[in-house]
Amino acid sequence: MTSTILAVIERAPQWVRHDLESRDSAIRARAEETLAAMIAAALQDTQKQLPA
């Protein structure tokens, strides 16, 4: 699971990385929500690939 999350963070778009550092809470929240969705999708894909 950690490797999946790390892979998502490594491939996060530059705008997400930039907006995570924003002082504006609305901009930062948008980036956090985007990153959370990316991580959730990657974890879901990982679960689908596990043998049944």
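Select Ile-5 to begin: its relative accessible area is 27%, so Ile-5 counts as partly exposed. The model on screen is a predicted one. Ile-5 sits in helix α1, which covers residues 2-10.

Keep Ile-5 displayed and add Ile-39 and Leu-43. Ile-5 is in contact with these two residues, when neighbours within four places in sequence are left aside. Now add Ala-42 and show the C-alpha atoms. Those of Ile-5 and Ala-42 are 7.6 Å apart, although 37 residues separate the two along the chain.

Next, go to Asp-19, which is found in helix α2. Is Asp-19 buried or exposed? Its relative accessible area is 8%. The cut-off for buried is under 20%, so Asp-19 is buried. To see what surrounds this residue, select Ile-27, Arg-28, Arg-30 and Ala-31. Asp-19 touches each of these, with residues up to four places away in sequence not counted.

Now move along to Ser-22. Where does Ser-22 lie? It is in the loop between α2, residues 14-20, and α3, residues 25-49. Ser-22 has 17% relative accessibility and therefore counts as buried.

Finally, leave Ser-22 selected and show Ile-27 and Arg-28 again. Apart from neighbours within four places in sequence, Ser-22 is in contact with Ile-27 and Arg-28. Both residues also appeared at the Asp-19 stop, where Asp-19 touches them. With Asp-19, Ser-22, Ile-27 and Arg-28 shown together, the view holds the contacts of Asp-19 with Ile-27 and Arg-28 and those of Ser-22 with Ile-27 and Arg-28.

Note on methods: Residues numbered from 1 in each chain as written. Predicted model: local features only at pLDDT ≥ 70, side-chain atom pairs only at ≥ 80, totals over all residues. Heavy atoms only, no water. Helix = DSSP H or I, 4+ residues; strand = E, 2+ residues; numbered from the N terminus. Buried < 20%, exposed > 50% of the residue type's maximum accessible area, 1.4 Å probe, protein only. Contact = heavy atoms within 4.5 Å.
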